[in-house]
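Reader: Please take one part of this model and look at it closely. I would like the local backbone first, then how that part sits in the whole.

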Amino acid sequence: MLVLLVTLSFIVLQVLAVAPKGPWDQFNFAPRNRTSRPTSIHSTQGNVRNAQALIGSGTARLTGNGSFIVVDFGQEVGGQVFLNVDSSTPDSRLSLSFTESAEFISPINSDDSCRTIFTMDGDGVQALPTPLPRGQFKQTIAQQRAGFRFMTIVSNSDAPVSISDVGVQNTFMPHWDDLTAYTGYFFTHDPNFHDPDFLTKLWYAGAYTVQTNTIDVHQARQGSCPRPKGWANNATAGPVEGPVLVDGAKRDRNIWPGDMGISSHTELVALNDILPSKNSLLVMFSTQDPATGALQYSGPPINARGSDTYISWSLIGAHNVWLYTGDLGFIRTVWTNYTKALAFLEGQVDETGLMNVPQSFSNDWGRDGGQGHNSAANVLLYRSLIVASELANQVEDNDLSTAYATNATALKVAINDVLWDDEAGMYRDNESSDLHPQDGNSMAILFNVTQTQEQNKAISEGLTQFWTDIGPLSPELNDTIIPFVGGFEVQAHFIAGEGERAIDLLHRVHMFSTEWGYMLYTNLSVQSTLLEGFTANGSLGYRAEAGYNFDHSYTSHSHGWATGPTPALTFHVLGIGITSPEGQTWTVTPVLSGLESAEGGLETGLGWFGVKWNVRRNVLTVQISTPKGTSGTVTLPGTGRITVDGKPESGGSVKLGGGDHTLSRSLTRG
């Protein structure tokens, strides 16, 4: 019987412990309070007086039709814009336009958030009421501009108008009082990049991206946009109350469980706030087709259907919520829906032992060729079965747990027998394809579908064939650099023991270089949050031909699926692994990756998990702090004996109880 899900996850204030203060705090992009003000005047045109008053005090004056001021908030912001009209006449007219990228600054158009159109003018501008009253103007929730950096204030008549007190009331993370109160942190110096603080900045850019993607459930993008132009951000994203985790700040402002395959982990390591993920997954399970068991692959109001991979992401995401919170009640609530959705996927397994994805359920992140015995879909099904087995055991359905584990084992064998290309050292996209996909191969390492570490290393090497100077060109979709899949690839390199290659993927040794270095420094980007995707030549024409109608302005500049480096740096450079709910058991396995030191940590409901390591004279010293009453295993690189709190231990790994410990190991034989 289908369980209809309506949660009472009320808004709660953020009350968790705050990460220790340090030099890393200067890289936190989160506003110090709900109100953001412009930090500079980008440009003016026409008859404008005292524009600088809009970043200080006083009044700016515009006279003449077409005169405008472009204010720059310095980074991604989003919410209800306000300004004060100090003087006007009955003939005064003002309008506002918005953009994330400086490329689309315009007095007559905003970058597009509501619909794609090749003329890139679907959103247009917001005209203020006429006649223009004195006093404060403030956008409604529907009118709020959900993600932008630049705002253009335009006079649309010859009548003079004076304005002051310009700002935006940020609406993201509605359940937090202090947006800067991160529970996790990360800090390192990167000696091999032009900016030694790059990796720290990148960690915080990912954290801030996910914050801007966390919205009140009633502030999603409307499916039916205002006509002929405009936008509306007051739709309901599903049958829950409170915050939800959506894909982007500007757009789509919709729940997509595939995106959460990365952004939920970012939520944990930076914020320890899994409520938005939980609410979002409750929405996804509520979309179940009662006849087939299939879930939608996005929530309302888009309500996209037809993706086996995104059904798997909902199943995997539920396990993540349980792992990070220990909330077994949540699992029991969705369990009937969960097992029915998994049965839908398993029903597509054919005589080869692989899931045979029908065309009607082959949608994914935008890639081509998702049907048939697709490797990514089968890897995700394998992971779904593994986590389902663990969850079935938790809800005391031992027979089902055993069945899921047995089916997972058989599927892993089939993937390796049918899809592994020994000559290429990679998995094929399907058995009849010569394409070796970025997504299927990266996730095969991430989700332990490979059978040997030699396979992992071969795949890690093979993935570099797709690299360009600004990121890996995904073979699954023409002319596309896709940070979503790139985030899985970064983790895959770490797991393969190729930490320096993983860091190379983040930046390499060129000035801007691959993927995230390009995103964070190019003048095309918002330079504080992370891009949905881009093209091989660095343009914003991501998916221009594949669904986005050649509308380069539609690309999102704050997209949670691009935040893979944030959890990767915590899970692999620091080496912190949560292996049972809330970290009752844990691992610490730092991957040095050519760095000289790193520190940081994360919090769960059990407390603080911190790691600080450095290398001096070829000796690695690691300080760890974990909650009392927990236990874990520490594995260190090197060749010498490990010392724990000054006492030598045998082997390369040691088991420890929670608390504070200092370990060291020589990295060379002496």
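Author: Asn 618 is placed in the loop that runs between strand 19 (607–616) and strand 20 (619–635); helices (H or I, at least four residues) and strands (E, at least two) are DSSP runs, numbered from the N terminus. The model is a predicted one: local features need pLDDT of at least 70, side-chain atom pairs count only at pLDDT 80 or more, and totals for chains, interfaces and linings use all residues. Residues are numbered from 1 along each chain as its sequence is written, and side-chain values use heavy atoms, with hydrogens and water left out.

The phi angle of Asn 618 is near 65°, which is positive although the residue is not glycine. Most residues other than glycine have a negative phi, and most peptide bonds are trans. With a relative accessibility of 43%, Asn 618 counts as partly exposed; buried means under 20% relative accessible area, exposed over 50%, and partly exposed in between (1.4 Å probe, protein chains only).

Strand 19 (607–616) leads into this loop, and Trp 613 belongs to the largest nonpolar core, which has 161 residues. Such a core is a set of buried Ala, Val, Leu, Ile, Met, Phe, Trp, Tyr and Cys residues joined through side-chain atoms within 4.5 Å. Phe 484 and Trp 613 touch the most other members of this core. Its largest share, eleven residues, is contributed by helix 6 (residues 375–394). Apart from it there is another core, of 29 residues, including Ile 41, Ala 60, Val 71 and Phe 98.

Leaving out neighbours within four places in sequence, Trp 613 is in contact (heavy atoms within 4.5 Å) with residues that include Leu 620, Thr 621 and Val 622. Among its other partners are Val 573, Leu 574, Pro 590, Leu 592 and Leu 595, and also Glu 596, Ser 597 and Ala 598.

Glu 396 can be set beside Asn 618. Its phi is also near 65°, again a positive value in a residue other than glycine. Glu 396 sits in the loop between helix 6 and helix 7 (398–419), and it is exposed, at 66% relative accessible area.

Two peptide bonds also deserve a check. The bond from Arg 227 to Pro 228 is cis, with omega near 5°, and Pro 228 lies in the loop between strand 10 (214–216) and strand 11 (243–245). Arg 251 and Asp 252 are also joined by a cis bond, with omega about 5°; Asp 252 is in the loop between strand 11 and helix 2 (260–271).

Gln 219 is likewise in the loop between strand 10 and strand 11, where it counts as buried at 11% relative accessibility. Not counting residues up to four places away in sequence, Gln 219 touches Ile 141, Gln 144, Thr 171, Asn 233, Asn 234, Ala 235 and Arg 253.

For the whole, the protein contains 13 helices and 23 strands. The radius of gyration is 25 Å, close to the 26 Å that the globule rule gives for 670 residues, so the protein is as compact as a globular protein of that length; the radius is taken over C-alpha atoms, and the rule is 2.2 Å times the number of residues to the power 0.38. Of the 670 residues, 62% count as buried. Among contacts between residues at least 6 apart in sequence, 72% join residues at least 24 apart.
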